[in-house]
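Thanks, everyone. I would like to use these few minutes to go through how the helices pack in this model, so please keep the structure open while I talk.

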Amino acid sequence: MDSVRAAFARAGLVRSRDHRLLGGVAAGLGQRFGFAPGVSRLMFILAIIVLPGSPVLLYPALWFCMPREEEATAPAWTAQPAA
């Protein structure tokens with residue numbers, strides 16, 4: 001699962017830490033594609049109305065796959081060799 005989250009982080013798809021309302025998914029998508037958080041939430045709600053079912057299933061899947069912003073920017077821990 002870490003490789004999936006790393007791939008999302010490399011693509012710039014991370015859950016927003018500052019503009020989160022529920023899980024930060026819509027705000028994170030907005031940051032990635034250059035929209036304000038409110039605009040991306042509105043687009044997500046419109047997608048739910050136009051495409052019933054699929055966005056409702058997509059949100060939890062993205063919540064699970066997208067790393068939090070602080071996880072994506074934190075340096076990876078490296079083991080020190082035993083002395």
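Helix 2 and helix 4 are roughly perpendicular to each other, because their axes cross at roughly 75°, and an angle from 65 to 115 degrees counts as roughly perpendicular. I should say at once that this is a predicted model. Helix 2 covers residues 25–33, and its axis comes within 10 Å of that of helix 4. The contact is made by V25, A26 and L29 on the helix 2 side, and by Y59, L62 and W63 on the helix 4 side. Sorted by class, this contact has 6 nonpolar residues, with no polar and no charged ones.

Let me turn to helix 1, residues 2–10, whose axis comes within 9 Å of the axis of helix 4 and crosses it at roughly 95°. Helix 1 and helix 4 are therefore also described as roughly perpendicular to each other. Here V4, R5 and F8 of helix 1 make the contact with L62, F64 and C65 of helix 4. By class, that gives 5 nonpolar residues, no polar residues and 1 charged residue.

What, then, is the arrangement of helix 3 and helix 4? Helix 3 spans residues 37–50 and helix 4 residues 54–65, and they pack at an angle of about 135°, with their axes 7 Å apart. The two are therefore oblique to each other. In this pairing, F44, A47 and I48 of helix 3 meet P55, V56 and Y59 of helix 4, and by class the contact has 6 nonpolar residues, no polar and no charged ones.

Finally, a word about the surface. L42, which lies in helix 3, is one of the residues making a nonpolar surface patch of about 610 Å². The other contributors to that patch are I45, L46, I49, V50 and L51.

Notes: Residues numbered from 1 in each chain as written. Predicted model: local features only at pLDDT ≥ 70, side-chain atom pairs only at ≥ 80, totals over all residues. Heavy atoms only, no water. Axes fitted to C-alpha atoms, helices over the stretch in contact; angles between N-to-C directions. Parallel < 35°, antiparallel > 145°, perpendicular 65-115°, else oblique. Contact = heavy atoms within 4.5 Å. Nonpolar A, V, L, I, M, F, W, Y, C, P; charged D, E, K, R; others polar. Patch = residues over 30% accessible without salt bridge, like charges linked within 9 Å, V, L, I, M, F, W, Y side chains within 5 Å. Areas by Shrake-Rupley, 256 points an atom, 1.4 Å probe, with all protein chains shown as cover. Salt bridge = Lys/Arg side-chain N within 4 Å of Asp/Glu carboxyl O.
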